[in-house]
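The following paragraphs lead the reader through a protein model, from its strands to its empty spaces. Please keep the sequence and the structure in view while reading.

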Amino acid sequence: MNALPSPLNAQLRCHPATPAGVPLALAVEVQTRADGLWLRYTLRGDTGALRIPAPAAPMATDGLWQHSCFEAFVAAEGDARYREFNFSPSSQWAAYRFAAERERDTAAEAREPVPAICAQVQRDAQCLQLSVCLPSSTLPRSPALLSLGLSAVIEETDGRLSFWALHHPGELPDFHHAAGRCLRLAAP
């Protein structure tokens, strides 16, 4: 039996222009497997101070980034095209394709719709954890490496939003910036 590659653990940083009002820590465990890309987001802190969407039917939904939401931006290494995935703690999700930075490719989305993405969510007073698998069929085709940008929007009960990412390339939060896709992984 082949051993699975060890998971990679990455810490997300809050953008200095959007500081969180409560102490939080956010990490993502990433693992490529034959069936896809596995992500486990772990948010630690006073989850009672956060506005976490209520459980809902797991369906594709736009606008998730306007509230607490975990995100992944995935491209084949060196390719301007990329995909954006949003995962809400409600279990709703979104998947988008882009031909270039912020240039949505709705024709490609219509040709190859993304099957339902099921996230598992666990929450207690000090931790919110969201785990999800992105099937290989939903990822860019790459013979070697994927470039990932991992990020999150966290909403507090007063409506304050903080923006978290592996790398913030600009003065304002911008998860679409190619320099934000700084994690390199072997394609599944």
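Two strands are said to pair if DSSP finds at least two bridges between them. The model discussed here is predicted, and its strands are numbered from the N terminus.

By that criterion, strand β2 (residues 24-33) pairs with β3 in the antiparallel sense, over ten bridges. The two form a hairpin, with two residues between them. One position in this pairing is marked by L24, which stands opposite G45 in β3. Strand β3 also has a partner in β9: nine bridges join these two strands, which run antiparallel. Here W38 stands opposite C133 in β9. Strand β9 (residues 127-135) is in turn paired with strand β8 (residues 119-124), again in the antiparallel sense, over six bridges. V121 stands opposite L130 in β9. Like β2 and β3, β8 and β9 form a hairpin with two residues between them. Followed from partner to partner, the pairings therefore lead from β2 to β3, from β3 to β9, and from β9 to β8.

How much of β3 is covered? The strand is mostly covered, for seven of its ten residues are buried. T42 lies in this strand, and it counts as buried because its relative accessible area is 11%, while the cut-off for burial is under 20%. Leaving out residues up to four places away in sequence, T42 touches A25, L26, A27, C127, L128 and Q129. The first strand partner, β2, covers residues 24-33, and β9 covers residues 127-135. A separation in space can be given for T42 as well: T42 and R104 are 62 residues apart in sequence, and their C-alpha atoms lie 29 Å apart.

The chain then passes into the loop between β3 (36-45) and β4 (69-76), where T47 lies. Is T47 buried or exposed? With a relative accessibility of 2%, T47 counts as buried. Residues up to four places away in sequence aside, T47 touches I52, R123, D124, A125, Q126, C127 and L128. Q66 has its place in the loop between β3 and β4 too. Q66, however, is partly exposed, because its relative accessible area is 40%. Apart from neighbours within four places in sequence, Q66 is in contact with E155 and L161. The C-alpha atoms of Q66 and R141 are separated by 29 Å, and the two residues are 75 places apart along the chain.

C127 appears among the contacts of T42 and among those of T47. It is buried, with a relative accessible area of 13%. What of disulfides in this structure? The structure holds zero. C127 is in no disulfide, since the nearest cysteine sulfur, that of C69, is 17 Å away, whereas a disulfide requires sulfur atoms within 2.5 Å. For C14, the closest cysteine sulfur is likewise in C69, at 15 Å, which is too far for a bond.

The remaining topic is empty space. Rolling a probe the size of a water molecule over the atoms shows where such space is left. The largest pocket holds about 340 Å³ of space. Of the 16 residues that line this pocket, W65, E71, E84, R102 and H176 are the closest to its centre. Strands β4, β5 (82-87) and β6 (93-100) each supply at least two residues of the lining. By class, the pocket lining has eight nonpolar, three polar and five charged residues.

How many cavities of 30 Å³ or more does a search of the whole structure find? The search finds one. The volume of the largest cavity is about 60 Å³. Its lining includes F73, G149, L150, S151, A165 and L166, and H167, P169, D174, F175 and G180 also belong to it. Strand β10 (residues 145-155) contributes the largest share of this lining, three residues. Six residues of the cavity lining are nonpolar, four are polar and one is charged.

Notes: Residues are numbered from 1 along each chain as its sequence is written. This is a predicted model: local features need pLDDT of at least 70, side-chain atom pairs count only at pLDDT 80 or more; totals for chains, interfaces and linings use all residues. Side-chain values use heavy atoms; hydrogens and water are left out. On a 1 Å grid over the protein atoms alone, a cavity is a set of points where a 1.4 Å probe fits but cannot get out, and a pocket is an open set with protein on both sides within 12 Å along at least five of seven lines; lining residues have an atom within 4 Å of a point. Grid points are joined across faces, edges and corners, and a volume is the space filled by probe spheres set on the points. Helices (H or I, at least four residues) and strands (E, at least two) are DSSP runs, numbered from the N terminus. Ala, Val, Leu, Ile, Met, Phe, Trp, Tyr, Cys and Pro count as nonpolar, Asp, Glu, Lys and Arg as charged, and the others, Gly among them, as polar. Buried means under 20% relative accessible area, exposed over 50%, partly exposed in between (1.4 Å probe, protein chains only). Contact means heavy atoms within 4.5 Å.
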